[in-house]
Amino acid sequence: METNIFFILTTLLFLQRFGLSNNMLMPSLNVTCSERERQSLLAIKHSLTDTFNLLSTWSGVECCDWHGVGCDHRNGHVVKLDLRSQVSLETYPDGKLLKGELSPSLRNLKYLHYLDLSMNNFSGNIPEFLGSFQRLKYLNLSHSFPAGVVPHHLGNLSRLQYLDLSYPFVKDPNRFFGFEGLPVLDDMGWVSSLWSLRYLDLSGISIGKHIDWFHPISMLPSLLTLNLVSSGIKNIPSVKFINFTSLNSLDLSFNYINSTIPVWLSNLTGLMHLYLNHNHFHGEIPYLLCNLSSLVHLDISQNMVSGPIPQSIGRLLRLEDLDLQGNQLSGNIPMSVGQLSKLKNLDLSSNSFETLMPDLLCNLSSLVHLVLAENRFSGQIPACFGQLLMLEDLYLEGNELSGNIPMSLGQLSKLKNLDLSYNSLVGVLSETYFSKLQNLNYLALSRNSLVLNFSSLWIPPFQLQTFDASFCNNGPHFPNWLQTQTHLQRLYLSNSSIIDTIPEWFENIMSHILVLDLSNNQISGKLPRFHFNKSDNRWGDGILNLKSNKFEGLLATFPSNVRILDLSDNLLSGHLPQTDGTMNLILEVVKLSNNRFTGSIPVHLCKVPSIYVLDLSQNKFSGRLPGCLGNLIGLGAMDVSNNTLTGVVPSSLGSLTQLVSLHFHNNKFEGNLPLSLQNLTRLITLDTGNNFLTGSIPSWIGESLLNLRILNLQSNKFTGKIPLQLCQLSALQYLNLAQNHIIGTVPHCFSNFSGMITYQEISVNPIYYYEENILAVVKGIQWDYTKTLQFLTVLDLSSNNITGEIPDVLMNLVGLYSLNLARNHLKGQIPTMIGHLRQIESLDLSMNMLSGQIPQSLTSLNSLSYLNLSFNNLSGAIPVGNQLQTLVDPYIYEGNSGLCGPPVSSSCKGNNSSYNDVGEDKGQDGDEGLWFYFGMGPGFVVGFVGLFGSLHFIRRWRVAYFQMLENVYGWLAVSILVNLARLRRTFF
């Protein structure tokens with residue numbers, strides 16, 4: 001806003017200096033316009049496309065009366081031509097503007113002092129003949145010529161004082177200008193010829209990385225304003241002296257400048273506006289910068305500046321705006337900041353400040369906008385913040401603030417936006433806090449330990465547009481005061497301890513809703529009809545999230561104007577609704593998992609091409625998978641696991657070339673995997689486990705799906721050998737071929753699986769709003785891996801007919817977490833290098849025909865917590881030491897009659913083994929064992945008293961101990977219930 005005011009004032013100043021006053025510009029009184037110039041203007045009109053009749057007044061004899069034309073009252077020459085359209089940057093290049101090619105007849109207006117062609121959409125490059133206007137003082141071509149090289153001929157305009165060649169640039173990350181090209185500066189030497197220049201704006205024009213932009217501009221002694229926003233600048237010279245010391249506004253934002261903040265800036269003693277934001281500046285803020293006593297606006301945000309804020313910043317007594325957000329600043333906030341009495345806007349967010357919340361800011365009585373978010377400020381919110389009576393915006397989210405919210409914040413009657421979320425605040429909030437906040441429209445309190453205790457009859461003085469109280473206690477009843485908030489657009493009440501039904505009045509506040517999140521509560525009853533307001537396509541709008549509640553009954557219809565629909569983990573039942581062409585379905589994410597939906601998957605979903613995530617898992621869908629789902633060519637994730645779908649996998653799914661995650665787990669699919677799936681080259685997860693798929697494992701999986709990280713083919717009817725082409729899947733970190741009819745040997749080339757050797761930084765879950773998951777049997781138990789899936793490295797070939805020996809090269813997969821080769825026909829010895837698998841926690845080699853001794857290197861597996869070597873032909877002493885000493889279950893070694901030593905009952909005495917030698921060394925002193933047993937009794941008593949005595953006297957330990965017991969009990973109960981449910985589904 002203030003930048004626009006500055007631009008307007010600057011422009012008016014230039015108009016006055018150019019002599020284009022009302023005394024010079026006149027309608028026709030005694031002097032008519034030149035006929036030649038009139039004909040030139042008509043030629044300009046005829047060359048342009050004027051769809052909106054912007055030049056409708058351009059007719060008749062007296063051209064000085066035409067719109068945008070100004071004449072000299074002394075001789076009638078055209079001295080001003082203003083064809084600027086009135087469209088805004090938000091609507092450009094659409095709207096009421098001129099198009100077409102600019103006629104060369106413009107050069108006949110050789111007396112022009114003022115030429116403004118901005119905010120149009122002319123074709124072609126900037127005309128070279130514009131450099132022929134020797135009298136020109138003002139030239140504005142901004143946002144009009146879409147591409148081409150800026151002509152050097154503009155350097156002939158020696159009288160020019162104002163030059164604007166700027167072009168639309170991305171300044172707001174939520175907006176994108178999709179223009180075909182950009183004007184280019186291939187040389188800037190001509191700029192140094194513009195000695196009279198006071199205003200220069202080259203924003204949005206691409207300045208080549210090898211172009212010297214600095215020195216030509218630095219030779220302009222009269223320059224007041226320099227704007228080089230988003231010009232692709234990558235360097236800025238480090239010099240001590242410059243010529244353009246008269247500069248009062250400098251904007252170098254949104255470039256790629258990678259250097260320290262230049263010291264020569266301190267020579268610009270008249271500088272009022274300095275914008276260095278969105279670059280790669282690093283190092284500390286130079287203390288000399290604080291000598292710029294005229295500074296009003298200082299923006300160094302979104303850089304890599306580090307260190308403390310200079311103590312001398314208190315010298316900038318005229319400063320009104322200070323933006324340092326998005327850097328790496330640390331230390332304390334200088335006391336001198338409290339001297340900046342004119343400061344209106346202060347933004348220190350997203351830095352590394354680790355200190356108490358500074359109460360010195362309470363001296364800044366002019367503050368309107370205060371942002372301290374995303375740091376590590378601690379302590380309580382200073383009560384004196386309530387003295388900042390001009391404050392409209394207060395953002396303190398994402399810190400480590402604790403204690404109660406001070407009542408004094410309720411005195412900030414001008415407050416519009418208050419965000420205290422993601423802290424450790426406690427206490428009870430009542431309506432007293434908000435009685436004077438009549439202007440509040442944004443309130444965020446989420447992720448605190450707050451209780452919101454409002455009377456059911458309370459009528460707030462404000463009308464909120466956004467209310468976020470997720471992870472606060474808003475229950476047990478639905479907040480009744482919300483029915484007064486008729487302008488509400490975004491409501492977040494996730495994890496709010498609500499145990500209630502949706503009230504009848506709720507539909508009355510839905511007329512403006514863009515986001516509704518009531519997830520992870522215990523809200524029951526039937527779903528109301530949701531009709532969202534049409535969004536302006538703002539990212540993050542159009543979200544309906546009701547997951548993890550107790551909603552039941554039918555889903556009557558898919559809601560309109562909703563992009564993200566998440567109804568997972570409820571009790572919804574019945575068939576999915578059909579869609580029709582009259583519904584405004586813009587669905588991108590459809591998550592209906594873990595409900596009780598029945599029937600077939602409706603083919604009408606195929607008519608919603610915007611769907612990106614389709615998750616219908618853990619329901620009771622039956623019938624065939626619709627082949628028309630192949631029409632959803634933008635689909636990134638499809639999960640239909642844990643249903644009773646039948647038939648073959650449709651070959652049309654091969655059209656889903658954007659697919660990254662595909663889950664068919666636990667259905668009744670049969671036949672071969674279609675060859676067309678080889679087209680899914682972006683696939684990272686392929687899970688077809690627990691079906692009735694037949695044939696050989698397709699070799700094209702290894703030949704085409706080279707991005708696979710997770711491959712699960714377990715519990716099918718695959719036959720034949722493991723194709724060697726699978727070894728080409730170097731990124732593979734999870735391979736499960738268990739419970740099939742596979743024959744042959746373990747391929748030696750499995751050592752190519754680099755994903756099982758080193759941790760890969762790339763996340764396995766690149767799909768927005770879909771959490772990748774896999775069921776894996778690890779440590780003999782089936783687990784559902786989600787958030788930790790990227791750390792899971794598993795090789796499971798169990799329950800097949802694999803023969804031969806365990807390849808030594810498998811021991812190179814040093815990143816393995818679980819290795820399961822059980823229930824095969826493997827023979828030979830356990831590889832002696834098995835100790836290389838240092839990360840392994842689960843190892844199952846049971847029910848094979850392995851022989852020989854257990855390698856001593858097994859004792860070096862310090863992470864091992866599950867081991868099963870049962871029912872083989874192993875012999876000799878069981879190794880002793882390290883982690884193996886904790887694995888004392890005899891079942892680990894059951895069915896190996898040749899094994900001896902603990903924990904099996906067979907003794908190794910008389911056996912010429914290493915274990916026997918160790919036993920003899922330890923048995924030299926027979927009394928040692930006797931004294932050991934004598935010491936057990938007192939040791940047990942001391943340990944028992946020490947533990948339970950501590951629990952009795954230390955309350956925090958006692959609470960933690962019993963909470964741990966309760967969590968273990970809860971986990972066991974849930975695991976048992978889940979497995980019982982799966983058994984019922986499988987057998988009943």
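**Reading the terms in a predicted model**

Modeller: The protein chain has seven helices and 61 strands; both are DSSP runs numbered from the N terminus, helices being H or I with at least four residues and strands E with at least two. The model is predicted, so local features need pLDDT of at least 70 and side-chain atom pairs count only at pLDDT 80 or more, while totals for chains, interfaces and linings use all residues. Residues are numbered from 1 along each chain as its sequence is written, and side-chain values use heavy atoms, with hydrogens and water left out.

Colleague: Why is Ser 192 called buried?

Modeller: Buried means under 20% relative accessible area, exposed means over 50%, and partly exposed lies in between, with a 1.4 Å probe and protein chains only. Ser 192 has 17% relative accessibility, and therefore counts as buried. Across the protein chain, 52% of the 988 residues count as buried.

Colleague: Where is Ser 192 placed, and what does its side chain reach?

Modeller: Ser 192 is in the loop between β10 (183–185) and β11 (199–201). Its side chain reaches the backbone oxygen of Gly 189 at 2.7 Å. A polar contact is a pair of N or O atoms within 3.5 Å; within protein, one must be able to donate a hydrogen and the other to accept it, and residues adjacent in sequence count only if both atoms are side-chain atoms. Contact in general means heavy atoms within 4.5 Å. Leaving aside neighbours within four places in sequence, Ser 192 is in contact with Pro 216, Met 219 and Leu 220.

Colleague: What makes Asn 691 buried, and which backbone atoms does its side chain reach?

Modeller: The relative accessible area of Asn 691 is 4%, so this residue is buried. It is found in the loop between β46 (685–687) and β47 (692–696). The side chain of Asn 691 reaches the backbone nitrogen of Asn 667 at 3.2 Å and the backbone oxygen of Thr 688 at 3.1 Å. Not counting residues up to four places away in sequence, Asn 691 touches several residues, including Phe 664, His 665, Ser 715 and Asn 716.

Colleague: How do you know that Val 515 is buried, and what does it touch?

Modeller: Val 515 has a relative accessible area of 1%, and is therefore buried. It lies in strand β32 (residues 515–517). Its C-alpha atom is separated by 4.7 Å from that of Ile 543, although the two residues are 28 apart along the chain. Beyond residues up to four places away in sequence, Val 515 touches, among others, Gln 489, Tyr 492, Phe 532 and Ile 543. In the protein chain, 56% of the contacts between residues at least 6 apart in sequence join residues at least 24 apart.

Colleague: How do you know that the length of helix α2 agrees with what is expected?

Modeller: The expected span of a helix is 1.5 Å times one less than its number of residues. Helix α2 (residues 35–47) has 13 residues and should therefore span 18 Å; its end C-alpha atoms are 18 Å apart, which agrees. Its buried residues are Glu 37, Arg 38, Ser 40, Leu 41, Leu 42 and Ile 44. What covers them includes β1 (48–49), β2 (69–71) and β3 (78–82).

Colleague: What makes the peptide bond from Gly 475 to Pro 476 noteworthy, and why is the phi of Met 119 singled out?

Modeller: Most residues other than glycine have a negative phi, and most peptide bonds are trans. The bond from Gly 475 to Pro 476 is cis, with omega near 5 degrees, and Pro 476 is found in the loop between β30 (466–468) and β31 (490–492). A cis peptide bond also joins Pro 902 and Pro 903, with omega about 10 degrees. Met 119, which is not a glycine, has a positive phi of about 60 degrees. Met 119 is found in the loop between β5 (114–116) and β6 (121–122).

Colleague: Is Met 119 buried or exposed, and why is Asp 569 called partly exposed?

Modeller: At 4% relative accessibility, Met 119 counts as buried. Asp 569 has a relative accessible area of 31%, and so is partly exposed. Phi of Asp 569 is also positive, near 60 degrees, and this residue is found in the loop between β36 (564–566) and β37 (571–574).
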